[in-house]
Amino acid sequence: MSLTTDPLNRLPAWKTIGAVDIDGLSPADAITKAGMDFTVNVSPLKAMLEYTEPTGTMNIHRQRIAPFKGRQILWRADTFAPLGIVGDRYQVIQTADVLGMIEALVGDGWSPKWGGIRGDGQQTFLFGELPYTMKSLPEVKPIMGFFNSFDGSTAL
């Protein structure tokens with residue numbers, strides 16, 4: 001029976017999107033193992049326009065750089081891979097900086113379990129168990145995570 005038709009043998013959702021098992025690692029080590037330990041930079045978006053200018057008997061090939069007003073490009077500092085085009089009000093939230101937000105929300109005890117990147121780093125995600133037990137449903141493990149986008153598709 002295939003994994004898609006047998007509900008008892010389905011893969012967990014995080015396994016189908018390329019998540020890495022990071023159970024037992026510190027949040028900082030989990031980010032490294034999941035491949036999210038890169039920095040994203042932002043630059044004004046510009047286009048290289050190439051054109052031919054006829055002058056008498058010769059054609060001269062020229063280039064001109066033209067800025068896109070109100071647009072920025074996001075790119076990985078380690079690979080220079082472009083990640084997305086966003087508006088000029090977009091502010092980069094580095095994946096590593098999200099750990100401080102989680103710590104401020106939860107305190108100690110958040111334990112990362114799954115994380116990874118999609119594409120060349122356009123999206124990053126990290127999910128883990130909260131250090132709480134629900135009184136009404138003790139068998140349910142509360143999970144908190146984040147999904148961060150560097151392509152303008154979603155906010156943190």
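The following paragraphs describe the fold, the two sheets and some surface features of a predicted model.

The protein chain holds three helices and seven strands. Read from the N terminus, these elements follow the order α-β-α-β-β-β-α-β-β-β. The chain has 156 residues, of which 29% count as buried. About 10300 Å² of the protein chain is exposed, and carbon and sulfur atoms supply 55% of that area. Turning to contacts with a separation of 6 or more, 51% of those in the protein chain join residues 24 or more positions apart.

It is convenient to begin with the sheet that includes the N-terminal strand. Here four strands form an open sheet with antiparallel pairing, in the order β1-β5-β6-β7. The edges are taken by β1 (20-21) and β7 (143-149); each has a single partner strand, so one side of each lacks a neighbour in the sheet. Helix α3, spanning residues 95-106, packs on this sheet and touches both β6 (123-129) and β7. The direction of α3 makes about 150° with that of β7. At the β1 edge, two bridges join β1 to β5 (residues 111-118), and these two strands run antiparallel. One residue pair can be picked out here: Asp21 has Trp114 of β5 as its bridge partner.

The remaining strands belong to a second sheet. This open sheet is made of three strands in the order β2-β3-β4, again with antiparallel pairing. Its edge strands are β2 and β4, and because each has a single partner strand, one side of each is left without a neighbour in the sheet. From one strand to the next, the twist averages 45°.

Within this second sheet, β2 (residues 40-55) and β3 (residues 58-76) pair in the antiparallel sense over 15 bridges. Along this pairing, Met48 stands opposite Ile65 in β3. The hairpin of β2 and β3 has two residues between the strands, and Gly56 of this hairpin takes a positive phi near 65°. On the other flank, β3 is paired with β4 over five bridges, also in the antiparallel sense. An example from this pairing is Arg71, which stands opposite Gly87 in β4.

What links β3 and β4 also deserves a look. The loop between β3 and β4 (82-87) contains Phe80. The phi of Phe80 is near 65°, which is a positive value in a residue other than glycine. Is this residue buried or exposed? With a relative accessibility of 60%, Phe80 lies over the 50% cut-off, and Phe80 therefore counts as exposed.

A further surface feature brings the description back to helix α3. Ile93, Met101 and Leu156 form a nonpolar patch on the surface, and together they have about 230 Å² of accessible area. Of these residues, Met101 lies in helix α3, the helix that packs on the four-stranded sheet through contacts with β6 and β7. How accessible is Met101, then, and which class does its value give? Its relative accessibility is 37%, a value between the 20% and 50% cut-offs, so Met101 counts as partly exposed.

Taken together, the model has its seven strands in an open sheet of four, β1-β5-β6-β7, and an open sheet of three, β2-β3-β4. The pairing is antiparallel in the four-stranded sheet and antiparallel in the three-stranded one.

Methods
Residues numbered from 1 in each chain as written. Predicted model: local features only at pLDDT ≥ 70, side-chain atom pairs only at ≥ 80, totals over all residues. Heavy atoms only, no water. Pairing = 2+ DSSP bridges. Contact = heavy atoms within 4.5 Å. Axes fitted to C-alpha atoms, helices over the stretch in contact; angles between N-to-C directions. Buried < 20%, exposed > 50% of the residue type's maximum accessible area, 1.4 Å probe, protein only. Areas by Shrake-Rupley, 256 points an atom, 1.4 Å probe, with all protein chains shown as cover. Patch = residues over 30% accessible without salt bridge, like charges linked within 9 Å, V, L, I, M, F, W, Y side chains within 5 Å. Salt bridge = Lys/Arg side-chain N within 4 Å of Asp/Glu carboxyl O.
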